Amino acid sequence: MENSKQMQTLKPIFLVGCPRSGTTLLQQMLDAHPDVAIAPETHFIRNFWLKREQYGDLTNDANYQALLDAIGSIPEFAEMELSFATFQDAAKTVDRNYAALLDLLLEQFRRSRNSKIVGEKTPNHLLYMQTLQEFFPTARFIHIVRDPRAVVNSWKTVPWSTGSIGGNAEVWKRYMATARQSPPASGAIFTLHYEQLVAESENCLRRLCDFLDLQFDAKMLDYHANYSKRVNVTREPWKGNAVRPVNNKSLTRWQQELSKAEIATIESAAGEEMCQLGYDLQSASWHLLRANAHKHTQQKLTRARKYMQRLVKL
């Protein structure tokens, strides 16, 4: 992949994880450090890089301007408090590729905050860590993991739910499998559990700072003391808890709000990944439910094959 002339000026941090796993809380904690600036969710890969065929050849001025306009129009650009005119002018001086533009976006944010370290928080960038490492070979990734029962329970109040408990659990499973099977190279990833971050905040943050070669600062624990424009609770009300002090109730709320059947459904879908990540299962029959689901799937495939064979004979 082509690199920009401006590349290698950053050693960025990318906060990733399944949505509703605590990435916003972690963003707030890191962003409170005086030497760190963590940008909000740009969804850069999904919004722009995956649409590169739509934008076409960036050596074409009209195509390049359309991409710049699109970057400047996302609400997070305003929340980063950047000047679009400044960004646009600077974009004329760098190579015309996606890596260079993300580099430029983060570098301008770092300078605006007068910080030494810059990062970005888009949960689903977990699915594209290897692409981002091609953009930034020295990038570091922080993967926050949360109990899928808590994640799926919280998805009841967000607009991106699949519409079913089992479907949401499958999404969590996909994220965890991707992190395990397609990690960034050279050990450039730090995995932490949301439960540890909440229950043992200082100890967890100190270990994270060691990974980042950063001196721990107590301001990280008082992240809620200062108003942050990086979290827009009006636009995304489900992020409200992330701007408040840590609350241990978030660890067990799913136990009161999920039914036994819902818990069993989640565990049947995600049980294997849960076990690998150290989460205890409550439903003794989760493996049986999973086997039954597999059996029904196989039955459907058998019927489909027989149907296709009949079509061939006609």
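**Figure 1. Helix H1 is largely enclosed by the rest of the structure, because 9 of its 9 residues are buried.** In this predicted model, the buried residues of H1 are Thr 23, Thr 24, Leu 25, Leu 26, Gln 27, Gln 28, Met 29, Leu 30 and Asp 31. The helix spans residues 23-31 and lies across strands E1, E2, E3, E4 and E5. Relative to E2, H1 runs at about 150 degrees.

**Figure 2. The open sheet is built from 5 strands with parallel pairing.** The strand order is E2-E3-E1-E4-E5. Strand E2 (36-39) and strand E5 (189-193) are the edge strands, and each pairs on one side only. On average, and with direction ignored, neighbouring strands of this sheet are turned by 20 degrees against each other.

**Figure 3. Strands E1 and E4 run parallel and are joined by 4 bridges.** E1 covers residues 13-16, and E4 covers residues 140-145. Within this pair, Ile 13 of the first-named strand stands opposite Arg 140 in E4. Lys 11 lies in the segment before E1. The C-alpha atoms of Lys 11 and Arg 140 are 7.1 Å apart in space, while the two residues are 129 residues apart in sequence. Apart from neighbours within four places in sequence, Lys 11 is in contact with Val 118, Thr 138 and Arg 140. Lys 11 has a relative accessible area of 43%, so Lys 11 is partly exposed.

**Figure 4. Helices H4 and H7 pack at an angle of about 35 degrees.** Their axes are 12 Å apart. The crossing of H4 and H7 is right-handed. On the H4 side, the contact is made by Tyr 64, Leu 67, Leu 68 and Ile 71. H7 contributes Tyr 98, Leu 101 and Leu 105 to the contact.

**Figure 5. Helix H6 has Phe 87, Gln 88, Ala 90 and Ala 91 as its buried residues.** H6 consists of residues 84-91. These buried residues lie on the same side of H6, because they cover an arc of only 165 degrees around the axis. In an α-helix there are 3.6 residues a turn, so residues three or four places apart point the same way. What covers the buried residues of H6 includes helix H4 (61-73), helix H5 (75-79) and helix H7 (98-113).

**Figure 6. Arg 20 and Glu 81 have positive phi values although neither is a glycine.** Arg 20 is found in the loop between E1 and H1, and its phi is about 75 degrees. With a relative accessible area of 23%, Arg 20 is partly exposed. Partly exposed here covers the range between under 20% (buried) and over 50% (exposed). Glu 81 is found in the loop between H5 and H6, and its phi is near 60 degrees. Glu 81 also counts as partly exposed, at 46% relative accessibility.

**Figure 7. The whole chain, shown for context, has 15 helices and 5 strands.** Of its 314 residues, 50% are buried. The accessible surface of the chain comes to about 15500 Å², and 49% of this surface belongs to carbon and sulfur atoms. Among contacts between residues at least 6 apart in sequence, 75% join residues at least 24 apart.

Notes:
Residues numbered from 1 in each chain as written. Predicted model: local features only at pLDDT ≥ 70, side-chain atom pairs only at ≥ 80, totals over all residues. Heavy atoms only, no water. Pairing = 2+ DSSP bridges. Helix = DSSP H or I, 4+ residues; strand = E, 2+ residues; numbered from the N terminus. Axes fitted to C-alpha atoms, helices over the stretch in contact; angles between N-to-C directions. Contact = heavy atoms within 4.5 Å. Buried < 20%, exposed > 50% of the residue type's maximum accessible area, 1.4 Å probe, protein only. Arc of directions from axis to C-beta. Areas by Shrake-Rupley, 256 points an atom, 1.4 Å probe, with all protein chains shown as cover. Left-handed = near helix turned anticlockwise from the far one by under 90°.
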